[in-house]
Amino acid sequence: MTKRHEKLYNVSMFPLYFFVLGWLAFLAIFLIVSAFSILQMLRYGLAHKVTYMTTFLFVLLSSAVILGTLGYLATVDLKAEVDLGISNAGLYAPASEL
Amino acid sequence: MINLDKLPNQLPDEKITGVFRRHPITIFGIYVALMVILVLPVAAYVVLHLLQASILENEGQFALLIMGVGLFFMFVILFLYQHFLDYWLDMWIVTNRRIINIEQRGLFSRTTSELRLYRVQDVTAEVTGFVHSMLDYGMVYVQTAGEKEYFAFEDVPHPNQIAKDILHLAEVDRREHLEEAMEAMEQTTVDKHDDIRQKAAQHIEP
């Protein structure tokens, strides 16, 4: 396989940190919206145990999900290439490999 | 935070007689969504395992799956919290002097209005439909004297009892604060006369 062929063949391979950056962007959106929601709940909610309990539960569950995901990502090589499975081998691979 | 011991613009000798919210059945969608989020990822994992999908063996693809599932859970939890917030922040507070209506629409829109009990003229309870009748929840409309506007308690439990209580409280308040009520009614009449005078003046002017 020539270098040109190899480059085109691997077009569906992306390093994992690309996706992690996207995930972090979504995480930032989530944190901003969550902060506003908690602020509204604590500012305008009735001083009642349900207000505190639901807010505590929300923070607890969100933290568990975020820390769990981050904990898993810490064990993974972020420079590893991820094959999305959108193979273009039929288009660019040498005929001998098809 | 709203403290029932210190209501906004609290009147002297004001006591809370009830705090009402929509019936919990109206947030049934939340419970269903909660069941779905508990079951869906487990079901998806079982299906992938049964199909022996390569995504579970490939480290990179599995990391993508974990990130996707993490995002799914985060935003579902956020959706549930906001849905609950919308339900929990909507409330009707009835005191022995007034009715306070607090309505939350979405995250940033909020309306607070109040009505003095001596102005209440007519209270209507409405229960329509099979589920509403079985669980005894519905609407309560509070109409004030001389105005077309009304307060509506939406989907509150035991609407007939609430209507009865409000009428009773209004009657007691009218008796106890007769002078204040008369002054307010006179003021309303003066305002109305001013309004009529202004309209007449506009009509006369070319």
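**Briefing: helix packing in chain B and its contact with chain A**

In this predicted model, α1(B) and α2(B) are roughly antiparallel to each other, because the angle at which they pack, about 170°, lies over the 145 degrees that this description requires. The points below take up that helix pair, then the contact between the two chains, and finally the confidence of chain A.

**The helix pair in chain B**

- Helix α1, residues 28-50 of chain B, packs against helix α2, residues 59-89 of chain B, with the two axes 10 Å apart.
- From α1(B), the residues Ile30(B), Ala33(B), Leu34(B), Ile37(B) and Pro41(B) take part, and they meet Val69(B), Phe73(B), Val76(B), Leu80(B), His83(B) and Phe84(B) of α2(B).
- Sorted by class, this contact of α1(B) with α2(B) holds ten nonpolar residues and one polar residue, with no charged residues.

**The contact between chains A and B**

- Chain A gives 31 residues to the contact, and chain B gives 26 residues.
- On the side of chain A that touches chain B, the elements giving two or more residues are α2 (16-44), α3 (49-74) and β2 (81-83) of chain A, and the largest share, 14 residues, comes from α2(A).
- The residues on this side of chain A comprise 21 nonpolar, seven polar and three charged.

**Confidence in chain A**

- Chain A has a mean pLDDT of 82, with 73% of its residues at 70 or more.
- Within chain A, confidence is highest in α3(A), at 95, and lowest in helix α4 (residues 89-92), at a mean of 47.
- Over residues 87-93 of chain A the pLDDT stays under 50, although the model has 13 contacts beyond four places in sequence for them.
- Where pLDDT is low, the predicted coordinates should not be read in detail.

Conventions: Residues are numbered from 1 along each chain as its sequence is written. Chains are lettered from A and ligands numbered from 1 in the order in which they are written. This is a predicted model: local features need pLDDT of at least 70, side-chain atom pairs count only at pLDDT 80 or more; totals for chains, interfaces and linings use all residues. Two residues are in contact if their C-beta atoms, placed from the backbone, lie within 7 Å. Helices (H or I, at least four residues) and strands (E, at least two) are DSSP runs, numbered from the N terminus. Ala, Val, Leu, Ile, Met, Phe, Trp, Tyr, Cys and Pro count as nonpolar, Asp, Glu, Lys and Arg as charged, and the others, Gly among them, as polar. pLDDT is the predictor's confidence in each residue, from 0 to 100. Axes are lines fitted to C-alpha atoms, for helices over the stretch in contact, and angles run from 0 to 180 degrees between N-to-C directions. Angles under 35 degrees count as roughly parallel, over 145 as roughly antiparallel, 65 to 115 as roughly perpendicular and the rest as oblique.
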